[in-house]
Amino acid sequence: MNSSVSTPRQLTAAPAACHLCCGEALPTIVVSYFPVSGEELKVMLCTPCDARRPSRATSWLSPVDFDWIALESSSAELLTAFKNGQWVPYSQELVFAENLAWFVWTEETLRAAVRAADPWTARGRLVRVLDGNAFLVLRDVSAADPSLHTLRRLIDALAAAIA
């Protein structure tokens, strides 16, 4: 006979996760999400995602919000790697970034810049960050939109490194 008394385990609730970045969400920021199944889901967001997502003026998540979070995370990762010295861009990437810093960003201008990139730049990490999601986000927002802030910081940091 076992004389030890087992105590019931208490379940604790984990904080709700943001549907976009998996950070801690606030229960007061709830938006609708319509997955492929077509059934509306109510999901929570964190304050930064709610403030900077491209469709922040609406009460639902749009496909561009998912493109944005992919662009946001890859831009932030590359910026951190650059600042910490874990990524040293090709000199051609620095020139490419300097050129990007000077012109007005639209979906078309960014696509044209990436297409015109020389082979060394095209092989680099910066073009991989831009290629795809940046175009899709720029399709829905202007270049001055807060959703592009991290990408702008990355481009500015690279452009400043050339001087």
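A residue counts as buried when its relative accessible area is under 20%. Keep that cut-off handy for the exercises below, and remember that the model is predicted.

**Exercise 1. L148**

Work out whether L148 is buried or exposed, and find what it touches.

*Solution.* Start with the location: L148 sits in the loop between α7 (133-140) and α8. Next, check the area. L148 has a relative accessible area of 0%, so it is buried. Now for its partners: skipping neighbours within four places in sequence, L148 is in contact with L71, V137, L138, V141, S142 and A143. As a last check on distance, take T121: it is 27 residues from L148 in sequence, and the two C-alpha atoms are 21 Å apart.

**Exercise 2. D65**

Do likewise for D65: which helix holds it, and is it buried or exposed?

*Solution.* D65 belongs to helix α2 (residues 63-83). Its relative accessible area is 0%, which means D65 is buried. With neighbours within four places in sequence left aside, the contacts of D65 are L20, R53, P54, S55 and W60.

**Exercise 3. The length and buried side of α3**

Compare the end-to-end distance of α3 with its expected span, then locate its buried residues.

*Solution.* Helix α3 (residues 91-102) has 12 residues, and at 1.5 Å a residue it should span 16 Å. The C-alpha atoms at its ends are 17 Å apart, which agrees. The buried residues in α3 are E93, L94, F96, A97 and L100. These cover an arc of only 160° around the axis, so they lie on the same side of α3. Their cover includes α4 (107-116), α5 (119-123), α6 (125-130) and α8 (149-161).

**Exercise 4. The two faces of α4**

Which residues of α4 are buried, and which exposed ones sit on the face turned away from them?

*Solution.* E107, L110, A113 and V114 are the buried residues of α4. Looking down the axis of α4, you find them within an arc of 135°, so they line one face of the helix. The face turned away from that buried side carries E108, R115 and A116, which are exposed. Among the elements covering the buried residues of α4 are α3, α6 and α7.

**Exercise 5. How α8 packs**

Describe α8, then classify its packing against α2 and against α3.

*Solution.* First, the helix itself. α8 has 13 residues and reaches 18 Å from first C-alpha to last, close to the 18 Å expected at 1.5 Å a residue. Its buried residues are T150, L151, L154, I155, A157, L158 and A159, and they pack against α1 (47-52), α2, α3, α6 and α7.

Next, take α2. The axes of α2 and α8 are 8 Å apart, at an angle of about 30°. Angles under 35 degrees count as roughly parallel, so α2 is roughly parallel to α8. The contact uses L71, E72, S75, A76, L78, L79, F82 and K83 from α2, and T150, L151, R153, L154, A157, L158 and A161 from α8. The crossing of α2 and α8 is left-handed.

Finally, α3. Its axis comes within 8 Å of the α8 axis, and the two cross at roughly 120°. That makes α3 oblique to α8. The crossing of α3 and α8 is left-handed. On the α3 side, L94, A97, E98, L100 and A101 meet R152, I155, D156, L158, A159 and A161 of α8.

Key
Residues numbered from 1 in each chain as written. Predicted model: local features only at pLDDT ≥ 70, side-chain atom pairs only at ≥ 80, totals over all residues. Heavy atoms only, no water. Helix = DSSP H or I, 4+ residues; strand = E, 2+ residues; numbered from the N terminus. Expected span 1.5 Å × (residues − 1). Buried < 20%, exposed > 50% of the residue type's maximum accessible area, 1.4 Å probe, protein only. Arc of directions from axis to C-beta. Contact = heavy atoms within 4.5 Å. Axes fitted to C-alpha atoms, helices over the stretch in contact; angles between N-to-C directions. Parallel < 35°, antiparallel > 145°, perpendicular 65-115°, else oblique. Left-handed = near helix turned anticlockwise from the far one by under 90°.
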